[in-house]
Amino acid sequence: MGFLDNTSITVDAILTKKGRELLARGQDEFRITKFALADDEIDYNLWDTSHPNGSNYYGAVIENMPLLEAFVDENQLMRYKLTTLPKETNKLPILELPSPSLTFNGAGQIQAITPNTRNGVDTSYTFVLQNASIANITPAGIGGGGNAGAIRRRVAGGRGGVLQEDFDLMPKGRGATTPVFLNEGERKRSITVTAKSVNLISRSITSLTSTNVTVVGNQSGAQFTLPITVKADPSKL
């Protein structure tokens with residue numbers, strides 16, 4: 001990690017391995033269609049309303065802080081993304097969950113995740129289970145048949161890949177303003193579900209393992225990361 005000289009405007013683009021592959025093929029596949037903004041470097045406690053030179057200098061310290069150099073680990077960079085909200089918004093939406101973390105004591109246990117959005121309204125949420133090898137995630141109240149929406153499945157490539165499911169239950173043209181980024185390894189073993197509430201079901205594993213479920217409000221953009229721990233199956237010890 002390094003810092004950029006902020007005496008001049010700099011655009012520092014670092015491509016991921018997938019981006020380099022698309023660019024190298026030269027078939028017009030590499031197209032930037034979306035981007036995100038973040039304020040990871042900003043410490044808003046440095047906004048000084050008592051500055052002796054007046055309001056023009058309240059943010060002088062913040063404006064002169066060095067910027068982080070770009071790198072491709074999405075879990076370390078751009079963790080605090082900016083969101084798009086209506087102009088009349090007075091309070092930022094906050095995602096609330098009944099528990100700050102979930103622990104499963106063995107295989108086959110079910111726990112529900114039902115978010116609530118404070119200072120906002122979300123008709124659906126996107127749930128990203130980052131490691132589907134230790135648990136499964138399904139929309140709550142959806143069984144066989146019924147109007148479950150479009151379900152797309154694909155087997156992740158490479159040895160040891162797992163089935164990835166994308167439950168597309170959200171109306172088209174609407175989505176979270178705060179996207180979730182996973183690296184290539186995480187994407188291959190993740191499950192993404194869009195629903196109002198989900199059930200998390202622990203799998204049988206040989207050792208205690210942890211992962212995260214990222215929950216994003218599809219209308220508000222509010223986000224919460226829920227730590228998940230699954231203990232080893234006693235029958236496999």
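Two strands pair if DSSP finds at least two bridges between them; strands (E, at least two residues) and helices (H or I, at least four residues) are DSSP runs numbered from the N terminus. The model is predicted, so local features need pLDDT of at least 70, side-chain atom pairs count only at pLDDT 80 or more, and totals for chains, interfaces and linings use all residues. Residues are numbered from 1 along each chain as its sequence is written, and side-chain values use heavy atoms, with hydrogens and water left out.

**Exercise 1. Find how E7 and E11 pair, and how E11 is covered.**

Step 1. E7 and E11 are joined by five bridges, in the antiparallel sense.
Step 2. Within this pairing, Tyr-125 faces Ala-195 of E11.
Step 3. Of the five residues in E11, four are buried (under 20% relative accessible area, 1.4 Å probe, protein chains only). E11 is therefore described as mostly covered, by that definition of buried.

**Exercise 2. Describe the open sheet that contains E12.**

Step 1. The sheet has three strands, in the order E5-E12-E8, with antiparallel pairing.
Step 2. Strand E5 (110-113) and E8 are the edge strands, each pairing on one side only.
Step 3. From one strand to the next, the twist averages 25 degrees (axes are lines fitted to C-alpha atoms, and angles run from 0 to 180 degrees between N-to-C directions).
Step 4. E5 is joined to E12 by four bridges, and Ile-110 stands opposite Ile-201 in E12.

**Exercise 3. State which residues of the largest nonpolar core touch the most other members, and which strands supply the core.**

Step 1. A nonpolar core is a set of buried Ala, Val, Leu, Ile, Met, Phe, Trp, Tyr and Cys residues joined through side-chain atoms within 4.5 Å.
Step 2. The largest such core has 24 residues, and those touching the most other members are Ile-113, Phe-127, Ile-137, Leu-200, Val-213 and Ile-228.
Step 3. Strands that each supply at least two core residues include E7 (125-129), E8 (135-139), E12 (198-202) and E13 (209-217).

**Exercise 4. Is Asn-218 buried or exposed, and what does its side chain contact?**

Step 1. Asn-218 sits in the loop between E13 and E14.
Step 2. Asn-218 counts as buried because its relative accessibility is 2%.
Step 3. Its side chain makes a polar contact of 2.7 Å with the side chain of Thr-126. Such a contact is a pair of N or O atoms within 3.5 Å; within protein, one must be able to donate a hydrogen and the other to accept it, and residues adjacent in sequence count only if both atoms are side-chain atoms.

Conventions. Buried means under 20% relative accessible area, exposed over 50%, partly exposed in between (1.4 Å probe, protein chains only).
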